[in-house]
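The following exercises are to be worked with the sequence and the coordinates at hand. Each task is followed by a solution in steps.

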Amino acid sequence: MALFTSEYPFKVDRKGRVSVPAEYRATLSQQRFAGIVLVPVWEEPAFDGFGHDRLEELAASLDDPEVYDEEELEEVQQLFSEARRLPFDGDGRIVLPEDVRAHADITDQVYYVGRGTTFRLWNPAAYNEHKAKIRSSAKSKGKTVRLRLAPRKKKEG
């Protein structure tokens, strides 16, 4: 399973080319499609990113009637229509299409932010604002983030 951690700022050149963190690239290069998949985050000026293997897993879940109700299925299918598969070039970069840069307001810099099994691409100022909002909210509630493991499924047999 691909895991993505840390925060990485990168410069974006005039053609929209940007490097991918070496840690991410090493994991993603092992997959059938050597590149990244991006889907827009509708409620934020950002994109979620992951590997092609995860995209295939998500596609398989579309056929399971217990995963999505009819309304959710429409929304997920819309996300598939907006997904971008961006291959690595010989230098380990991707090219961010103009509509991707416009949605996330990415100009000359981008932040890759690890989220476990996915990562997110942000405009640096928007990310810093988002991060401050999350920390402020948690602090006002007196909360500390606790990582929890999902219950393990019993093997049938």
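A residue counts as buried under 20% relative accessible area, as exposed over 50%, and as partly exposed in between. The model examined here is predicted.

**Exercise 1. Classify Tyr-8 and Tyr-24 by relative accessible area, and describe the geometry of their rings.**

Step 1. Tyr-8 has a relative accessible area of 21%, a value that makes this residue partly exposed.

Step 2. For Tyr-24 the corresponding figure is 0%, so Tyr-24 is buried.

Step 3. A pair of aromatic rings is described by the distance of the centres and the angle of the planes. The search of the whole structure yields nine aromatic pairs. One of these involves Phe-4 and Phe-119: with ring centres 4.9 Å apart and planes at 70°, the arrangement is edge-to-face. Phe-4 belongs to the segment before β1 and Phe-119 to strand β8, so this pair ties together parts of the chain that are 115 residues apart in sequence. Both Phe-4 and Phe-119 are buried.

Step 4. The ring centres of Tyr-8 and Tyr-24 lie 5.5 Å apart with the planes at 85°; planes over 60 degrees apart count as edge-to-face, so this pair is edge-to-face. Distant parts of the chain are linked here, since Tyr-8 is in strand β1 and Tyr-24 in helix α1 (residues 22–28), 16 residues apart.

Step 5. Phe-4, Tyr-8, Phe-10, Tyr-24, Tyr-112 and Phe-119 together make up one aromatic cluster.

**Exercise 2. Determine the strand order of the open sheet and identify its edge strands.**

Step 1. Reading across the open sheet, the six strands follow the order β1-β7-β8-β4-β3-β5, with antiparallel pairing.

Step 2. β1 (7–11) and β5 (84–87) each pair on one side only and are therefore the edge strands.

Step 3. From one strand to the next, the twist averages 30°.

Step 4. The individual pairings can then be examined. Between β3 (residues 35–41) and β5 there are four bridges, and Gly-35 stands opposite Pro-87 of β5. β3 and β4 are antiparallel over five bridges, with Val-37 opposite Phe-50 of β4. A hairpin of four residues joins β3 to β4. β4 also pairs with β8, over four bridges, and Phe-47 has Leu-121 of β8 as its bridge partner.

**Exercise 3. Explain why β4 is largely enclosed, and state which helices lie across the sheet strands.**

Step 1. In a regular strand the side chains alternate between the two faces of the sheet.

Step 2. On one side of β4, Ala-46, Asp-48 and Phe-50 are buried, and on the other side Phe-47 and Gly-49 are buried as well.

Step 3. Five of the five residues of β4 are thus buried, so the rest of the structure largely encloses this strand.

Step 4. Helix α2 (residues 52–61) lies across β3, β4 (46–50) and β5, at about 95° to β4. Helix α5 (residues 124–140) lies across β1, β7 (109–114) and β8 (119–122), at about 40° to β7.

**Exercise 4. Locate the salt bridges of Arg-84, Arg-93 and Arg-101, and classify the residues involved.**

Step 1. Side chains of opposite charge can pair when their charged atoms come close. The whole structure contains eight salt bridges.

Step 2. Arg-84 pairs with Asp-99, the closest N and O atoms being 2.3 Å apart. Arg-84 in strand β5 and Asp-99 in helix α4 (residues 98–103) are 15 residues apart, and the pair links distant parts of the chain. Arg-84, at 29% relative accessibility, and Asp-99, at 38%, are each partly exposed.

Step 3. Arg-93 forms a salt bridge with Asp-89 at 2.9 Å, N to O. Asp-89 has a relative accessible area of 29% and is partly exposed; Arg-93, at 21%, is also partly exposed.

Step 4. Arg-101 meets Glu-98 at 3.2 Å, N to O. The two residues lie in helix α4, three residues apart, about one turn of the helix. Arg-101 is buried at 14% relative accessibility, whereas Glu-98 is exposed at 53%. Elsewhere, salt bridges with shared partners join Asp-89, Asp-91 and Arg-93 into one network.

Notes. Residues numbered from 1 in each chain as written. Predicted model: local features only at pLDDT ≥ 70, side-chain atom pairs only at ≥ 80, totals over all residues. Heavy atoms only, no water. Pairing = 2+ DSSP bridges. Axes fitted to C-alpha atoms, helices over the stretch in contact; angles between N-to-C directions. Contact = heavy atoms within 4.5 Å. Buried < 20%, exposed > 50% of the residue type's maximum accessible area, 1.4 Å probe, protein only. Salt bridge = Lys/Arg side-chain N within 4 Å of Asp/Glu carboxyl O. Phe/Tyr/Trp six-rings, centres within 6.5 Å; stacked < 30°, edge-to-face > 60°.
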